[in-house]
Amino acid sequence: MASSPVAEGIELAVPHMPSLEMDHSNWQRWLSAAITMALFVAILLKLRNFGFSNAMGTLPVKPLFWLAFAAYYLALPFSDWLIFRRLWKLPKGGFAALIRKLVSNEVLFGYSGEVYFYSWARRHAPIVGAPFGAIKDVSILSAIAGNLITLAMLGLAWPSVQTIAPQFHGRAVFASAAMIITMSMVVFVFKNRLFSLPSAALREIFAIHVARLVATTFLSGLMWHVALPQVPLVWLVLLATLQLLVTRLPFVPNKDLVFASLAIFLIGHDSEVATLIAMIAASILAVHLILGGLLILTEALEARLG
């Protein structure tokens, strides 16, 4: 089978570097165990404070809603799996590790999932080159792609902001746009020092991130439209833009809950849209807790049997 352009690019970038052997060093095992325990404690705390009954009363029953919900939830780990599958020929278990990465970032704190995945990849994937450098490049490109999509959505939503949502102050929107542009420009200025992967790999990774962001933005709007078809399209565009702005916040866990809180504050507690967004955020958190718990138990059983 012919090797992918990304894999070829990496081999050319490090022609004299031998493949890293599977690393079973104690520090990686302790690091993985520490993140696992922290995630387990966080899940227990969330379960104690989580009101499942409040969300269950407003759950839509339409199959299209839940298909869109599942696709929205799995879009990030699937796109990461595509990327690292091409970079490192990631094994099948890599998809579960990437879900753990997502859950750690959302339940613990931002970028804790990258630390876990770095440790996991060093032990399980046939890596060529430095795994941390590849993970870093993927994260930076994800941020740049998110910035560009957010700017595009800001431009699309701006004509309607003053009409339907004057509470979105113009200066705040412009300040957000300026910050996004500045951050992206800094990355481009120092790209030769920041990135370690070859240009062909970077372009392919960036394209996957853009496709994923376009898909998740569409899926969010689809969920809202299926549940509340009477809501005007301009509101869906505005909410999608706000959601993208929230996802640009670094080191913030539970971004869906932050988005729901902002939406409720801006729209009002009694709005059907605010109730729906809160329900979706609660459902995403519930999936985080369930999948996180199952993956922790599975990993613990495998470690005991192994």
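1. Aromatic cluster. In this predicted model, Phe-84, Trp-88, Phe-117 and Trp-120 are linked into a cluster by ring pairs. The structure has eight aromatic pairs by the rule applied here. In the pair formed by Phe-117 and Trp-120, the ring centres are 6.1 Å apart and the planes meet at 10°, so the arrangement is stacked. Phe-117 and Trp-120 are three residues apart in helix 6 (residues 112-124), a separation of about one helical turn. Both Phe-117 and Trp-120 are buried.

2. A ring pair between helices 6 and 7. Tyr-118 and Phe-132 form an edge-to-face pair, with 5.9 Å from centre to centre and 90° between the planes. Tyr-118 belongs to helix 6 and Phe-132 to helix 7, so the pair ties together parts that are 14 residues apart in sequence. How do the two residues stand with respect to solvent accessibility, buried or exposed? Tyr-118 has a relative accessible area of 18% and is buried, whereas Phe-132, at 51%, is exposed. The cut-offs matter for this reading, because buried means under 20% and exposed means over 50%.

3. A charge over a ring. Arg-100 places its charged end over the ring of Tyr-116, at 4.2 Å from the ring centre.

4. Salt bridge between helices 4 and 5. Four salt bridges are found when the whole structure is searched. One of them joins the side chains of Asp-80 and Lys-101, with an N to O distance of 3.0 Å. Since Asp-80 lies in helix 4 and Lys-101 in helix 5, the pair ties together parts that are 21 residues apart in sequence. Asp-80 and Lys-101 are both buried.

5. Salt bridge between helices 4 and 10. Glu-204 and Arg-86 form a salt bridge in which the closest N and O atoms are 2.6 Å apart. Glu-204 is in helix 10 and Arg-86 in helix 4, so this pair ties together parts that are 118 residues apart in sequence. Arg-86 is partly exposed, its relative accessible area being 32%.

6. Salt bridge between sequence neighbours, and a shared network. Asp-137 forms a salt bridge with Lys-136, the closest N and O atoms lying 2.7 Å apart. Asp-137 is buried, with a relative accessible area of 0%, while Lys-136 counts as partly exposed at 25%. Elsewhere, Asp-80, Lys-101 and Glu-114 are joined into one network by salt bridges that share partners.

7. A buried acid without a salt bridge. Glu-106, in helix 5, deserves separate attention. Which side chain of opposite charge is nearest to Glu-106, and at what distance? The answer is Lys-255, 4.6 Å away; Glu-106 is buried and has no salt bridge. The cut-off decides the matter, because a salt bridge requires a side-chain nitrogen within 4 Å of a carboxyl oxygen. Apart from neighbours within four places in sequence, Glu-106 contacts Pro-253, Asn-254, Lys-255 and His-288.

8. The largest nonpolar core. This core comprises 40 residues, and those with the most contacts inside it are Trp-224, Ile-277 and Ile-280. At least two core residues come from each of helix 4 (63-88), helix 5 (94-108), helix 7 (131-164), helix 10 (199-227), helix 11 (233-247), helix 12 (255-267) and helix 13 (272-305). Helix 11 is the greatest contributor, with nine residues. If residues up to four places away in sequence are not counted, Ile-280 touches Phe-65, Phe-69, Met-223 and Trp-224.

9. A further core. Another core, of 27 residues, lies apart from the largest one; among its members are Trp-120, Ala-121, Ala-125 and Ile-135. Trp-120 is also part of the ring cluster described in the opening point.

10. Overall composition. How many helices and strands does the protein chain have? There are 13 helices and zero strands, and the pattern along the sequence is accordingly written α-α-α-α-α-α-α-α-α-α-α-α-α. The protein chain has 306 residues, of which 47% count as buried. Among contacts between residues at least 6 apart in sequence, 77% join residues at least 24 apart.

Definitions and conventions: Residues numbered from 1 in each chain as written. Predicted model: local features only at pLDDT ≥ 70, side-chain atom pairs only at ≥ 80, totals over all residues. Heavy atoms only, no water. Core = buried A, V, L, I, M, F, W, Y, C linked by side-chain atoms within 4.5 Å. Buried < 20%, exposed > 50% of the residue type's maximum accessible area, 1.4 Å probe, protein only. Helix = DSSP H or I, 4+ residues; strand = E, 2+ residues; numbered from the N terminus. Contact = heavy atoms within 4.5 Å. Lys, Arg positive; Asp, Glu negative; His and termini not counted. Phe/Tyr/Trp six-rings, centres within 6.5 Å; stacked < 30°, edge-to-face > 60°. Lys NZ or Arg CZ within 6 Å of the ring centre and 35° of its normal.
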